[in-house]
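Reader: I have the sequence and the model open side by side. Could you walk me through how the helices and strands fit together?

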Amino acid sequence: MELFNLGCRVIIVYHEHGEDAASIVSSIKGGGGDSVSYKADVADFEAVKKAFDDIRNIYGRIEILVNCAGITRDHTLMKMTPEEWQSVIDVNLTGTFNCSKATIEMMRQHNYGRIVNVSSVVALAGNFGQTNYCASKSGIIGFTKALALETAKFDITVNAVAPGFTDTNMVRTIPEPVMADILRKVPKGRLCKPDEIAKAVAFLCSPNSGFITGHVLNVNGGYYM
């Protein structure tokens with residue numbers, strides 16, 4: 001909704017949460033905006049290319065890309081299977097590559113673009129039992145900085161947002177004693193609200209952030225500085 005508030009046409013690419021995507025589309029349209037959703041697995045290069053080609057053919061161009069797909073398959077490394085490792089890398093990191101690859105030429109042709117990649121506080125601080133997730137989200141930071149260097153001359157900015165522990169379905173599965181320990185380490189003393197992440201992303205997508213690129217914006221309540 002924050003991008004809708006910026007005046008954007010919002011196109012949602014989803015894989016497993018079609019009802020959520022439809023709900024967002026309905027809310028935006030109900031507010032007088034324009035929105036549509038496409039089903040595609042971001043880990044599948046050809047599926048992403050087809051979806052983005054369809055979007056380009058209908059709407060002409062893509063000016064803003066937010067890479068926010070993410071999954072977890074938590075285990076200590078000793079117990080982690082190769083499939084659990086690869087699936088997280090495929091969605092979180094390769095998905096960021098696939099979507100950026102499908103978009104970057106469009107942005108370059110028009111000499112304008114905003115790419116925001118969603119990383120995580122654990123990319124910076126690490127987290128027990130999440131070597132796969134931490135690796136994928138750390139990779140996103142490196143990807144962000146390198147792509148920012150490649151695209152700055154085309155007025156394409158590439159930044160990352162690194163959320164802290166946020167009140168989402170994923171975080172709500174954390175056992176209560178573990179959550180209590182996490183909250184003790186957050187100076188703000190609470191979880192982040194999803195709309196606080198959305199506002200940070202929207203800022204990096206707005207004209208006000210035109211001279212910011214290659215930056216990682218921490219939104220974690222002081223959990224990691």
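**Helices and strands**

Author: Happy to! The axes of helix α3 (residues 45–59) and α4 come within 9 Å and cross at roughly 35 degrees. Axes here are lines fitted to C-alpha atoms, for helices over the stretch in contact, with angles from 0 to 180 degrees between N-to-C directions; helices (H or I, at least four residues) and strands (E, at least two) are DSSP runs numbered from the N terminus. This is a predicted model, in which local features need pLDDT of at least 70 and side-chain atom pairs count only at pLDDT 80 or more, while totals for chains, interfaces and linings use all residues. Residues are numbered from 1 along each chain as its sequence is written, and side-chain values use heavy atoms, with hydrogens and water left out.

Reader: Which residues in α3 meet α4?

Author: Contact means heavy atoms within 4.5 Å. On the α4 side, the residues met include F97, A102 and M106. Their counterparts in α3 are F45, V48, F52 and R56.

Reader: How far apart are the end C-alpha atoms of helix α4?

Author: Helix α4 covers residues 82–110, which is 29 residues. The expected span is 1.5 Å times one less than the number of residues, so α4 should span 42 Å. The value in the model agrees: 41 Å.

Reader: Where is the kink in α4 centred?

Author: The bend at a residue is the angle between axes fitted to the seven residues ending there and the seven starting there. In α4 this gives a kink of about 40 degrees, centred on T94.

Reader: In what order do the four strands of the open sheet run?

Author: Two strands pair if DSSP finds at least two bridges between them. The pairing in this sheet is parallel, and its edge strands, each pairing on one side only, are β3 (64–67) and β6 (216–219). The order is β3-β4-β5-β6.

Reader: Which residue in β4 is the bridge partner of I64?

Author: Four bridges join β3 to the parallel strand β4 (residues 113–118). Within β4, the partner of I64 is R114.

Reader: Which strands does helix α6 lie across?

Author: Helix α6 spans residues 131–151 and runs at about 160 degrees to β5. The strands α6 lies across are β4, β5 and β6.

Reader: Which residue in β2 stands opposite I12?

Author: Strand β1 (residues 10–14) runs parallel to β2 (residues 35–39), and five bridges join the two. Opposite I12 stands S37.
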